[in-house]
Amino acid sequence: MATIPVKKKRVPVHGVLLLDKQVGVSSNDALIKAKWLLNAMKAGHTGTLDPFATGLLPLCFGEATKFAQDLLDADKTYETVVHLGLTTNTGDTEGDVIDTREVNVSQAQIDAVLARFRGDIMQVPPMYSALKRDGKPLYEYARAGITLEREARPVTIHLLEFVDFQTPYLTLRVRCSKGTYIRVLGEDIGAALGCGAHLNALRRIQVGDLLINKAITIEEIASKDAEARLAALAPVDALLTSFPALYLSDELAKRFLHGQRLALGKEDIVLPEGQGRMRIYRQCDGQLLGTGLMQEYSILAPERLISTVQTTAI
């Protein structure tokens, strides 16, 4: 009789894996592989990278998934190589060439065109994207040879920096708001230069406050033992460093975890200045409790709570 393999039981894993995604791998495939390697029960990513792109892909596990939206909304920074003079139907190396033109541009022309794309701009989403129309992603229409009208959307290019130009390759560094398509930015720059373009390479180097220099590849994770894999995770609050920290006494922490709004006074704790979102800790042991909203009159309203906090101390 054949032996039926025993399915490995998933375990609770909490934290953030800063993954350096490699070329040719989809974001979802990278997530599935990392989840399997960590034997994790719950996981999610914080915005996809195209298969041809590489770089920082933060993956959230367990309680960290509650805060994934913050990275979806965060600014991103990329390094990209724009191949001038050659246009593809996808805007990147995965598509078919649809136009070829001579490249004869000067540094002055490049500088002038880049200046036009800094700040608040309008951008038309590409047909080869996951945006949906009537419940179906646009790329399915595109693959069927159908082009649909798309409305331009506002995005912000905080930084568009010239790095290098070796004809026909223009290397740029871009920091942009959520929803920005770097493929479209490269195509638009090529169109403005009169020669067309597509992205030859794209690498994401920063998401919010998270940096690529602390990321590791799937191969590096796979080479570690189970304990070292878990040690590679950043803590849950790595996603929240842009928010002020607030430390609560044991009694206030208990009430906060019960979902109670707290009227705080300076005699209770050291209050950060201003209002808005804050990361909340228990003072006695530094345990992250979740996030809260500081409102008028120093009223702290619980927002997202960590369900794994040990409460025996309080």
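The exercises below deal with two pockets and one annotated span in a predicted model.

**Exercise 1.** Describe the largest pocket by its space, its lining and the elements that supply this lining.

*Solution.*
Step 1. Start with the space: the largest pocket holds about 1100 Å³.
Step 2. Turn to the lining, which is made up of 35 residues. Nearest the centre of the largest pocket are Thr-48, Leu-49, Asp-50, Tyr-181 and Arg-183.
Step 3. Look for elements that give two or more residues to this lining. The helices are H1 (27-38), H2 (68-72), H4 (138-143) and H5 (182-192), and the strands are S4 (76-84) and S12 (197-207).
Step 4. Sort the lining by class: 12 residues are nonpolar, 13 are polar and 10 are charged.

**Exercise 2.** Describe the second largest pocket, and find which element gives the most to its lining.

*Solution.*
Step 1. The space in the second largest pocket is about 180 Å³.
Step 2. Its lining has 15 residues, and Asn-89, Pro-126, Met-127, Arg-150 and Glu-187 lie nearest the centre.
Step 3. At least two lining residues come from strand S5 (86-88), and at least two from H5. The most come from H5, which gives 3 residues.
Step 4. By class, the lining has 7 nonpolar, 5 polar and 3 charged residues.

**Exercise 3.** State what the UniProt record says of residues 183-240, then describe this span in the model.

*Solution.*
Step 1. The unreviewed UniProt entry annotates residues 183-240 as "domain: tRNA pseudouridylate synthase B C-terminal".
Step 2. In the model, residues 183-240 are 36% helix and 22% strand.
Step 3. The C-alpha atoms at the ends of this span are 29 Å apart.

Definitions and conventions
Residues are numbered from 1 along each chain as its sequence is written. This is a predicted model: local features need pLDDT of at least 70, side-chain atom pairs count only at pLDDT 80 or more; totals for chains, interfaces and linings use all residues. Side-chain values use heavy atoms; hydrogens and water are left out. On a 1 Å grid over the protein atoms alone, a cavity is a set of points where a 1.4 Å probe fits but cannot get out, and a pocket is an open set with protein on both sides within 12 Å along at least five of seven lines; lining residues have an atom within 4 Å of a point. Grid points are joined across faces, edges and corners, and a volume is the space filled by probe spheres set on the points. Helices (H or I, at least four residues) and strands (E, at least two) are DSSP runs, numbered from the N terminus. Ala, Val, Leu, Ile, Met, Phe, Trp, Tyr, Cys and Pro count as nonpolar, Asp, Glu, Lys and Arg as charged, and the others, Gly among them, as polar. UniProt positions are given in the numbering used here, feature names are shortened, and annotations may be inferred rather than shown by experiment.
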